Number of protein chains: 2
Amino acid sequence: MAQAAQKTVSDIASKARLRLWLRLLQSTRKIETELRDRLRRQFSVTLPRFDVLAALYRKSDGMLMSELSRYLMVSNGNVTGIIDRLVIDGLVVRTQRKGDRRTSIVRLTIKGVTEFQRMAEAHEGWVSELLSEFSPKDAEGLSAMLDGIQFGGKSR
Amino acid sequence: MAQAAQKTVSDIASKARLRLWLRLLQSTRKIETELRDRLRRQFSVTLPRFDVLAALYRKSDGMLMSELSRYLMVSNGNVTGIIDRLVIDGLVVRTQRKGDRRTSIVRLTIKGVTEFQRMAEAHEGWVSELLSEFSPKDAEGLSAMLDGIQFGGKSR
DNA sequence: TATGAATATTTTATGTTTGAAGTAAATGCA
DNA sequence: TGCATTTACTTCAAACATAAAATATTCATA
């Protein structure tokens, strides 16, 4: 009897969290789709490419492939392919690093910096527009709530 | 002068929203990665397949391809491929619909229902675990805040 | 009833994306 | 030093994903 009651309480909790998860997913996809669409139309760039450029812009000293993979939370094989294509387009370079011949540092080229800056300004405006219902205060509050979802990065 | 001040205020707002967006993306990816991993390990199923099964389970009368595409917010061509593979695996069937020969209704098979139910229970538990820092009340509150991100579905 | 527009889906080309296997280099340590 | 392990990255096969073009069917309406 007590157990049946307990079960119901935790059921309610898990249903509420499931609804939250579905809403999170839906909201994120909606915004992602819109940003992808605008980036393609206005700058002929894909979202994954933009994400990589943004990460590299943030770290002007360059990043290792593995750093990019961890930061963007995508597989390492995936990063290889995206960087390969960005190199072909001349937006990114790989430079050898003496001391460890396994690794190479990936960096934006001048062209990469220039093109990213053009996109970034528009991108920030779009995000602000798409999230315009959130006041700065609400936005900060929501960010803080979401901060908790970190549950120590699995080692794999 | 007034304009410079105005600019600064809106800058602060857009930065706060940008931070929110990055946090949303990060949180969602983190949970998605974890769910994908567990679904693969425990049930040998991919996340996109699980999503399709979940949508079809919700609508036991079946769904049109275009309904699935809209509901899951993925392209129609994408749905075709996923359904093709689910049909091969015997989890889903396409049935002709008299009256409109362009469309076919997609439905779970008995096997599809059975297998999905196994997964869904585990999935709900995982989500609840991964979002355990949110009380049911917080979860509902957060869901409600995110509800606003709907900005009327573009017509395209 | 023709026939042009709209609708529903599939096909195609390209580009991610993953997970696993493979390669090469660096590290730990007996 | 020798050699197993770890680390960093690439390659590979399969699946996923998009956008655009193609196909097939239905609808609207003149």
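The legends below describe close-up views of a predicted model of protein chains A and B with DNA strands C and D.

**View 1. Contact between chain A and chain B.** In this view, 54 residues of chain A touch 55 residues of chain B. About 5,800 Å² is buried between chain A and chain B, and carbon and sulfur atoms contribute 63% of that area. On the side of chain A, the residues that lose the most area to chain B are Arg17(A), Trp21(A) and Met73(A), which together make up 13% of what that side buries.

**View 2. Polar contacts and salt bridges between the two protein chains.** Ten salt bridges are counted between chain A and chain B. One of them joins Arg23(A) to Asp147(B), with the closest N and O atoms 2.5 Å apart. Residue pairs in polar contact between chain A and chain B, both at pLDDT 80 or more, number 19. Helix 1, helix 5 (110-130) and helix 6 (136-147) of chain A are the elements that give two or more residues to the side of chain A that touches chain B. Helix 1 of chain A gives the most, with 25 residues. By residue class, this side of chain A consists of 22 nonpolar, 13 polar and 19 charged residues.

**View 3. Relation of chain A to chain B.** Chain A is superposed on chain B by a rotation of 180 degrees with 0.0 Å of shift along the axis, at an RMSD of 0.1 Å. This is therefore the relation of a two-fold axis. Both copies use the same surface, since 100% of the contact residues of chain A recur in chain B.

**View 4. Surroundings of DNA strand C.** DNA strand C is surrounded by 27 residues, of which Arg49(A), Ser75(A), Ser66(B), Arg94(B) and Arg102(B) are the closest. Of the atoms of DNA strand C that come within 4 Å of the protein, 79% belong to sugar and phosphate. At least two residues of this surface come from each of helix 2 (47-58) and helix 4 of chain A, and from each of helix 1 (2-43), helix 3 (65-72) and helix 4 of chain B. Helix 4 of chain A gives the most, with four residues. The surface near DNA strand C holds six nonpolar, eleven polar and ten charged residues.

**View 5. Individual polar contacts to DNA strand C.** A polar side-chain atom of Ser66(B) is placed 2.6 Å from a phosphate oxygen of DNA strand C. A polar backbone atom of Arg101(A) is 3.0 Å from a phosphate oxygen of this strand. For Arg85(A), an N or O atom of the side chain is 3.0 Å from a sugar or linking oxygen of DNA strand C.

**View 6. Surroundings of DNA strand D.** Among the 27 residues around DNA strand D, those that come nearest are Ser66(A), Arg102(A), Thr46(B), Ser75(B) and Arg85(B). Sugar and phosphate supply 78% of the atoms of DNA strand D that come within 4 Å of the protein. Helix 4 of chain B gives four residues to this surface, the most of any element. The residues near DNA strand D comprise six nonpolar, eleven polar and ten charged.

**View 7. Individual polar contacts to DNA strand D.** An N or O atom in the side chain of Arg94(A) is 2.7 Å from a phosphate oxygen of DNA strand D. The side chain of Thr80(A) has an N or O atom 2.8 Å from a phosphate oxygen of the strand. Arg102(B) reaches a base oxygen of DNA strand D, with a side-chain N or O atom 3.5 Å from that oxygen.

How values were computed. Residues numbered from 1 in each chain as written. Chains lettered and ligands numbered in written order. Predicted model: local features only at pLDDT ≥ 70, side-chain atom pairs only at ≥ 80, totals over all residues. Heavy atoms only, no water. Near = heavy atom within 4 Å. Polar contact = N/O pair within 3.5 Å; in protein donor to acceptor, adjacent residues only side chain to side chain. Nonpolar A, V, L, I, M, F, W, Y, C, P; charged D, E, K, R; others polar. Contact = heavy atoms within 4.5 Å. Buried area = accessible area lost by both parts, 1.4 Å probe. Salt bridge = Lys/Arg side-chain N within 4 Å of Asp/Glu carboxyl O. Least-squares fit on C-alpha atoms with pLDDT ≥ 70 in both.
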